[in-house]
Amino acid sequence: FFRAVLALLVSTVSFSRLSAGGCRRGCGWVCGVWKEPRISMPPAEKKEKPVHVYLRVRPPVERELFRKDPLNAVAVSAVDPACCTLAPASARPARSPHEPPPPGTFEEVREFHFHHCFDQDSTQDDVYEKVARDTVDGVFQGYHGLIFVYGQTGSGKTYTLCCQEPGKEGILYQSVVEIFSRIEQDREHEYECVLQFVQIYNEVIQDLLRPSSGAGKPGGSGAGGRVDSVVHLRDDPELEGAVYLQGCTAVSVGSAGECLKQFLIGDRRRAVAETAMNYASSRSHTVFMLDVHRRRRTTKAEVEGQGQPGSGDVIQGRLILVDLAGSEKIKKSQAEGARLAEAASINGSLLVLGKVVNALTDERQSHVPYRESKLTRLLQYPLSGQGKTSIVVTVSPSVYNYEETCSAVLFGQRAMKLKSHARVHQKTDWKALALKLQAMLEEGMDRVRRETLEEQVRDFEKQLQEHRERAET
């Protein structure tokens, strides 16, 4: 029996790296000191899967209608919803016939294919079902799911991801509601959900859930004053290639309402300012991270040792939603002073993101420049293929933004070449394991008592038989 218990312990807990130079947070005993086990990493998906990239064309806005811009820069095919067409460079107004097309544009109509293209009439529900439903499913299976929106300023990124307007709720709102709805319906598991919410402003990571005495006025003009909310990236000791936010506020949330309330608190602290291109332009990238930990619920029978405890694993999924600040041309946005510095930082980090995508899709490049930007460093783990990633490229239909639209579409085409081999994240549930061992111990003790009693009965019967035989003789 004791050999069986020891075998179970050895098979459940990895006693690796027992030498004096063991890992920083490895498994087992190192120099007589117990160290917390690393997260168990089952094999990655055997077959690489492509990163899903979507295109969304927003409806024209008031300023485009006021300027009477031609609205034929990009169109979604009525026959194939995965296909879109870009107008030629000659569609731009006030262009000389002899003027060469700008870099990254085309002389003729070009077709591009994505996993799905959303036209101007698409609804928020359409986008959620196509883009985020599978990601939410993956979170409950222990995957890290990343969704980010990419495009020029004013192209509808924040609306697609973060809108809270009734009837027009974006991906974030619907994902949170879906997650907690499933949790409420699941009676077999216990859940723990932890939220972190940060912004990357001028290459500084700031905690949006921590009150700051240096917070600026609404409109983001003082966002750079959030000195006491700065957090730092550190290598994650449990996940190779991942990072964590040292000193970042982690809020435990128990319902969709509580989670969305925390999001709104942080969203009000985000850096936002008016430019000539957008009256509420995001001046920072925001990263919303919701960890969902699931373990099998312990029943009363298991506590009393009358039931068979289940698996000793905690499934650890993570939802990562990134609202990127939009790229902008200074000539169009008319940024000056602080706005100009913000635009330079935004464009710089998006340039590094493009370089990372290029490096990941080019087999000739052995180095991926994750560390050149806080954004790519923070997203290194899912971008490198360890998580399930989806990208929504948002564009304007106006020919006024033709060059920016071409740039966004070409970024999406490069991202279509990215591959993922996502991993399930789980670790040992010591509570469940202790109950399992206790049940085995009690079962073994009962068996020993029963066998001992049976042996005593046999001895008594043997002695009784011997006395009868003597009495007869």
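1. The lining of the largest cavity is a mixed bag: 2 nonpolar, 5 polar and 3 charged residues. This is a predicted model, so to speak of its cavities is to speak of computed space. The residues in question are Ile200, Asn202, Glu203, Arg283, Ser284, His285, Glu342, Ser345, Ile346 and Ser349. Helix α9 (residues 338-361) chips in the most, with 4 residues of that lining.

2. On volume, the largest cavity holds about 50 Å³ of space. In total, the structure has 3 cavities of 30 Å³ or more.

3. Now for helix α6, residues 256-267. Its 12 residues reach 16 Å from the first C-alpha to the last, close to the 16 Å expected at 1.5 Å a residue. Buried in α6 are Ala256, Cys259, Leu260, Gln262, Phe263 and Gly266. They sit on the same side of α6 because they cover an arc of only 155° around the axis.

4. What lies over that buried set? The cover for the buried residues of α6 includes two helices, α4 (157-162) and α5 (171-185), along with the strands β10 (189-201), β14 (251-253) and β17 (285-296).

5. Two backbone spots to look at. Lysine 68 has a positive phi of about 60° although it is not a glycine. You'll find Lysine 68 in the loop between α2 (62-67) and β5 (74-76), and it is exposed, at 72% relative accessible area.

6. The other spot is Glutamine 334, also not a glycine, with a positive phi of about 55°. Glutamine 334 belongs to the loop that runs between α8 (330-333) and α9. Its relative accessible area is 58%, which means that Glutamine 334 counts as exposed.

Key:
Residues are numbered from 1 along each chain as its sequence is written. This is a predicted model: local features need pLDDT of at least 70, side-chain atom pairs count only at pLDDT 80 or more; totals for chains, interfaces and linings use all residues. Side-chain values use heavy atoms; hydrogens and water are left out. The expected span of a helix is 1.5 Å times one less than its number of residues. Buried means under 20% relative accessible area, exposed over 50%, partly exposed in between (1.4 Å probe, protein chains only). The arc is that of the directions from the helix axis to the C-beta atoms. Contact means heavy atoms within 4.5 Å. On a 1 Å grid over the protein atoms alone, a cavity is a set of points where a 1.4 Å probe fits but cannot get out, and a pocket is an open set with protein on both sides within 12 Å along at least five of seven lines; lining residues have an atom within 4 Å of a point. Grid points are joined across faces, edges and corners, and a volume is the space filled by probe spheres set on the points. Ala, Val, Leu, Ile, Met, Phe, Trp, Tyr, Cys and Pro count as nonpolar, Asp, Glu, Lys and Arg as charged, and the others, Gly among them, as polar.
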